[in-house]
Structure formats: C-alpha cells, structure tokens
Amino acid sequence: MMTPLADYHDQRNAFLTLLEPDCAKRILLFSGDTGTGKTSLIMDCQKNVCDPVYHIPIQLRGTVVSIAEIFQRTVNSLGWKSLPNFKEELASFGGNQVNIDRAKMRGSDNQINVVLQGQNPVDREERQAILTNAWFEDIRHLDRLLLMVMDTYEKATTEVKDWISGPFLTRTSDVEKIRVAIAGQEVPEANTIEWGHCCEMQELYGVPEAQHWLPVVKNLGRVIPVEHPLDWLAGICHALNGHPDTIMQIIQSLPHQQ
Amino acid sequence: MNNDILNRLESAQTDEAREWLVMQFTLENLAPEIRDAVWAAAIPHWFDADFLTALTDEPLSASEFQTLTTLSFAEEFPEHGFNIHERTRNLLLKRLWQDEPERYRELSRRAASYCEKQNQDDTAWKIETVYHFLIADPDVGTSLLQDIAVEWHNPPNFAYDKVEALAKQAREHADVNRLNELGIALTLYWEAHIDQIYSRCREAKAKLLEIKLSKIKDKLLKANCIRALGDVHRMLDEYEDARARYAEARPIYSQIGARLGEANCIKALGDVHIMLSEYEDARARYAEARPIYSQIGDRLGEANCIRALGDVHIMLSEYEDARARYAEARPIYSQIGDRLGEANCIKALGDVHIMLSEYEDARARYAEARPIYSQIGARLGEANCIKALGDVHRMLDEYEDAVTQYEKAMPTYKEIGDRYNYAEAFAYMGLAFKGLKQNEQTHQYLQQALKLFEEIKSPRADVVRQWLDELNQESASGNDTRPLEKRFLD
C-alpha cells in the first residue's frame, strides 16, 4: 500500500536535488536496514517525477532482473529511435549463433537477451561492455533527462551488481543527461575514485521522533485514544527503535477517527 | 488496549520479541479470514488474487483482498501483484515453521502445485516452484534444484545469474533450517560454484568446507563437491591441497562409472602439475585423460587435453611437438563448432612460430585467427591477435607497422577492462618507438606501462622498470643501440 511517509525530509530533498538540471551529484544512494522505509521513500520521491523527465523504475528483487532486462526496459521507455548506437551495436552481434528456445524469440524484444547470453562468459562480458558504451553514447544525446530508480539492490545478482557498481555508474558520472537513484540494504560502494565524487549517500536509520508520526496518524484517519497521545506515540517509537515498518503496524491498528 | 501494548513492548527483552508482539497485535485485530490470508500470503515471494485463492481454504472477496493489500506490510510488486514485506514475512515464516510445521508444509504444497502449473519458461515461476517443493516434497525439490541448476549452468546457457537466483532462494530455507541435508549440500555447492565463477575463491572454499560430505549419500554429488574444492584450492594457488582433493574425488567417480568426472579429475591433476612445473607428470595425466574423453565422446574434453599437451610441450621448449598438438586439436574444435577453441589453437600455432622465429608463418596464423575472433564477437581474442601481429612486425624491425597494430589493439583492451594486456601494449609500443629511435616516445610509453603494471601489482612491472633503467644508462653512456627486449633476453 502507498503509506504516507514520515519525516525523511533530508532524503526527499536529496531526491529533488537529483532532478535539478545542473545537479553535480548524479548518483543518489539510499541505504538502510530492512524495514527502515526505503521502498516507501523511493515511491514517495517518484511522485515528484513528471514530464519532461524519462523515468524508469527498476525493482531488483524477486525475479531475475538481468542486464539485458534493464536495457530492455530503457528501450521500452525511450524507444529505439533514441538509442541508435545501441541498436547498431546490437545488430552487429545479430549474426552470431546462440542456442536458445526459438519459440521465445519475438522480434527485437528478446534480441538483447539473445546477444548477451553469449556462448562464452568472456564473450558476454565483452558484449556487455560494448553495449553499455553504445547505450551511454545515446543517453548523452537524449533530448531530456533520464532518471533510473533501482530498488532492493541487495537482491540483484552478482553480475548485475558488478555491472551497476562498475561500468554503469562510472559512465553515469560522465554523462549529464542521466540521474540514478539506488536503494537497498546494501548499495554500491561509494568509496571509489571512478564515480564516488558524483555520488550522494543518504542513510536511513528510521524515524524515532513521535512528532513525525502524528501527521501519519492523522492522514490515515486514526486516533490515539489516550490522554497524552504524543507521549504514548513517543513510547511506541522508543520501544520500536523508530522502525517505520513496525510503527506503521501499530498505527494501522489504532481506532478510526469518529 | 493502547497502554497494554505499550507496556508489553517496554517489557520485552529483545527487538525480535517486540516485533512479534506488534505482529500478534496486528493479527489479533484482523478479521479471521484476513488473518488466515496473511499467513498464506507470507508463503510465496509474491501473490495475486488467484495465487492467494490457491493457498487459502476459502477465497477472499474482492474487498477482503483489498483490505489485505492495504496493510502496512503488504507492498505492491510490479508485474507480480503484491508481496508481504521481507521483514514481516521472515517473522511470520519463522513462527509458522516453529509452531505449525505441518501447516507450513501444506501451504507450501499448495504453492508448489500452483506454481508448477504456471509458465515454466519464466525463470521467476521456475525458481518459485523449486522453492516451494523444497518444503512440500524435499526429494522432488532437491532433484529439481540440481537438474535446473545444471541445465542453466551448462553450455550453451551459461546462465549464472539464474543459478545464483535459484541458490539464493534455497538459501532462504537453509538459513532457518528448513532444508534436509541434501538440500543444504546442494545450496552450498551451487553458491560455492557461483562464488568461484566470480573469483570469490575464499567464500567458495568456506562453503564447500561446510558441506557435510559424510551425510551425502549421492556419490556423484559427493565427488563433485570434493572436485569443486580441488578447483578452488587451485584457484587459491593451494596446489598440494588441490592435488589431494582431485586424488580423493577420482576413485569415487571411477566407482560409480562417472567417466566424465574421472577424466575431468585426471586433467585437473595435470593442470596442477603444470602449475608446479612438473611437466612430465602433467604430460602423463593429459595423456591418461585424453582416451577417456575420446571413449565417452567428449570431444571438447579431448580437444582441451590435446591443447594442454601442446602447452606442456611449449613449457619444455618442444616447439615442433607443440605445433603438432595444436594442429591436432584445431580440427576437433572446428568439428564441434567451438570457434573460440579453434581460434585459440590457431593463435597458439602463431605463438609457436614466434618461438621458432618463423615470423611470416606467425603473421599468417594471427591473420587467420583474427577474423574468427571477430566473427564470434570475441574482442579480447581479436585484440590479442592484433597485438601479436604488432609483435611480429617488431621482431622483423617493422616498427611503424608495429606501432599501428598496438594502437589498434589498445582501445579494445581499455574498453573491455583488460588492464594487463593494455599495460603490455604500452610496453611494446615503447619498444617499437625504441626501434624507431624516438627516445621521448619510448620513455613515455614505458612509463605508462610501468604505472599500469604497478596498479595491477603485476611482476611485469619489474621487467619494464629494468628496461627503463637500461634506457637511462644507455642515454648516459651513449652505448648499445640494440633493441631493449633483445638485449634483455640476451
């Protein structure tokens, strides 16, 4: 559910800064333990994204989200016309024999996956590098900003993590038209000379202050039926270490306002 | 109500206890149908109305489903529906397994049954099916885990990301002791294998050592685990340990008639001998493995053995024999369509020609290998050929042509991140400029090569440093204008 967000003003402001045309730190990392509200924060932030920004959210948990899948989503959003170099490089690999279930090949939609599942892991890594370069060359010439928001980074496979934390973010630091926000219990290591200078890190520790939760209680139409609601809420926040997840469960169990 | 929950929270001793109190409090305040649905919804990694109906005794109404999905711990999961938030889910599953394991198993059975009817070409459904079968029917689950991991891992798939995702899901069960011994062993084995692929050798070793081999009845799996440990030891330069593991695995493979495993062990022993410079022993092992590969029709294994024999000959400076082996392996790679193997053989033949100072023949081989590498998109192989052509030019004192070739190879090395060859190309550029008597350029390129080799901590840095010293001495004394490399080799 889209729950109202408590506090995290600094983090929300950092996201707004990311969208500014002259933003120097094009990479924003949100890091925090499970249940600290990262996904809620990311979803709340994305409400502020509007035209003319290209916006591509990518959820890295659950299914196997591969590099090919990430590229495919950008093609779906931007269209092939915006990615001529990428398309050309992809086509240059098109003559190679790849043994896959032919029933799954439906035009260019699966071509990225076909090309990146090379017969040899060395081939695949080289092709990733070539396609990544071509893709960024195209992004450099986009007519508007591209925002990519990736959630649950810790669930990504090693291949995807290596790619994101390596070639992808390195080139992001070089290309003004792209902005990247990544959230997770684990995030790419920002202490790197390749893109660390271009990165803003925001840690999420929870929301321990009761006054930040009062608006949420009100927003949800609930009431705290005790004499000193703020004190009671402060006791809850303290007992639960400011953990948004569990505090929200308590709030949702409160009686409705009459 | 409110003071009671606060008092209970304040009295609880641990964070987990507090979280469970909150969960209980939440569940108590839900209608029974929704409460049951929460337990059911926690079983899979995602759910929609249909999936949930398959799990619950009674289907939820539309409004009940909506109530469930608006709970604070239910999240939207794009393209899948919804899921219970990880933290809450783990809490619920832990309690369910602890307090009502049969109910857990029954829900898993229903989930497995639902999942296996979904599109099994979809990786997510396939993995989810295995995940539930590991609890619903551990024999089926472990069998699926092994079969699917092998299928995804092996050529032509090389789908390591899928294997990793599968192992991760199994790990979820393993971490809270929901798997049997075989399930745990398979999880560790495949996790270690993925670690190995991504050069996380210490992690791989730790996982393989965690496997309780004595509890594994499946002899093939046991042998595979021991051999994998041998592979990891080898990657960590622990050659005696590697040797011991291969020697331990080999008779198990032999006992169960797993000839491929046996051949792989023998070849691996040969590879260990090579690393320990025991070339005659290496030769003996490759010669022993080769007919086994041949008998079982594993032509790739056979070709690899023959090529390895060629490498042994190179080490023993038996260049004509090396040539013969590479020439023998080449058509086999060609016949099985292993173009990379074929190109590697042709290039190796070129390298032999270089060793024998047959530079025109070397040139011809590199020129032959290069388009094959190009056609299969093996840009590293192509760049290596171009660099080798540069070497040929340099050996023939065709320094300007050498510079041209090195300049062509360098962008590829940089693009694909091959820092060693990139550094080497700089070094050889330096040598080529030395041949052209352009000392400033020579210094520049050798300095850059030194910097790059130092960054990757390669022993080649010492060689380049020595070249630079010799250059400086030469500048000071005005003596010896022979090419640096030749002087160094002398």
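Does Ser165(A) count as buried, partly exposed or exposed, and at what relative accessibility? Ser165(A) counts as partly exposed, because its relative accessibility is 25% and buried residues must fall under 20%. The model on display is predicted.

**First stop: Ser165(A)**

Select Ser165(A) and then extend the selection to residues 158–172 of chain A, which form helix α7, where this serine has its place. Next, add Tyr153(A), Pro188(A) and Trp195(A); Ser165(A) touches these three when residues up to four places away in sequence are not counted. For Pro188(A), display the C-alpha atoms: those of Ser165(A) and Pro188(A) are separated by 5.3 Å, although the two residues are 23 residues apart along the chain.

**Second stop: chain B as a whole**

Select chain B and show it as a cartoon, in which 26 helices and 2 strands can be traced. Along the principal axes, the C-alpha atoms of this chain fill a box of roughly 95 × 55 × 40 Å. The radius of gyration of chain B is 30 Å, whereas a compact globule of 490 residues would have a value near 23 Å. Of the contacts in chain B with a separation of 6 or more, 54% are accounted for by residues 24 or more positions apart.

Now switch to a surface view. Chain B has an accessible surface of about 21700 Å², and carbon and sulfur atoms contribute 47% of this area. Buried residues make up 52% of the 490 residues. Colouring by charge brings out 61 positive and 85 negative side chains in chain B, with the centres of the two sets lying 3 Å apart.

**Third stop: helix α10 of chain B**

Select residues 160–175 of chain B, the 16 residues of helix α10. Its end C-alpha atoms are 22 Å apart, which agrees with the 22 Å that the helix should span at 1.5 Å a residue. Among the buried residues of α10(B) are Tyr160(B), Asp161(B), Glu164(B), Gln169(B) and His173(B). Just after the helix, select Asn177(B), which takes a positive phi of about 60°.

**Fourth stop: helix α20 of chain B**

Move on to residues 359–375 of chain B, helix α20, which has 17 residues. From its first C-alpha to its last, α20(B) reaches 25 Å, close to the expected 24 Å. Its buried residues include Tyr359(B), Arg363(B), Tyr366(B), Ile372(B) and Tyr373(B). To view part of what covers the buried residues of α20(B), add α19 (339–355) and α21 (379–395) of chain B. The tour ends at Gly377(B), just after α20(B), where phi is positive at about 75°.

Note on methods: Residues are numbered from 1 along each chain as its sequence is written. Chains are lettered from A and ligands numbered from 1 in the order in which they are written. This is a predicted model: local features need pLDDT of at least 70, side-chain atom pairs count only at pLDDT 80 or more; totals for chains, interfaces and linings use all residues. Side-chain values use heavy atoms; hydrogens and water are left out. Helices (H or I, at least four residues) and strands (E, at least two) are DSSP runs, numbered from the N terminus. The radius of gyration is taken over C-alpha atoms; the globule rule is 2.2 Å times the number of residues to the power 0.38. Buried means under 20% relative accessible area, exposed over 50%, partly exposed in between (1.4 Å probe, protein chains only). Contact means heavy atoms within 4.5 Å. Accessible areas come from the Shrake-Rupley method with a 1.4 Å probe; for residues, only the protein chains shown count as cover. Lys and Arg count as positive and Asp and Glu as negative; His and the chain ends are not counted. The place of a charge is taken as NZ of Lys, CZ of Arg, CG of Asp or CD of Glu. The expected span of a helix is 1.5 Å times one less than its number of residues.
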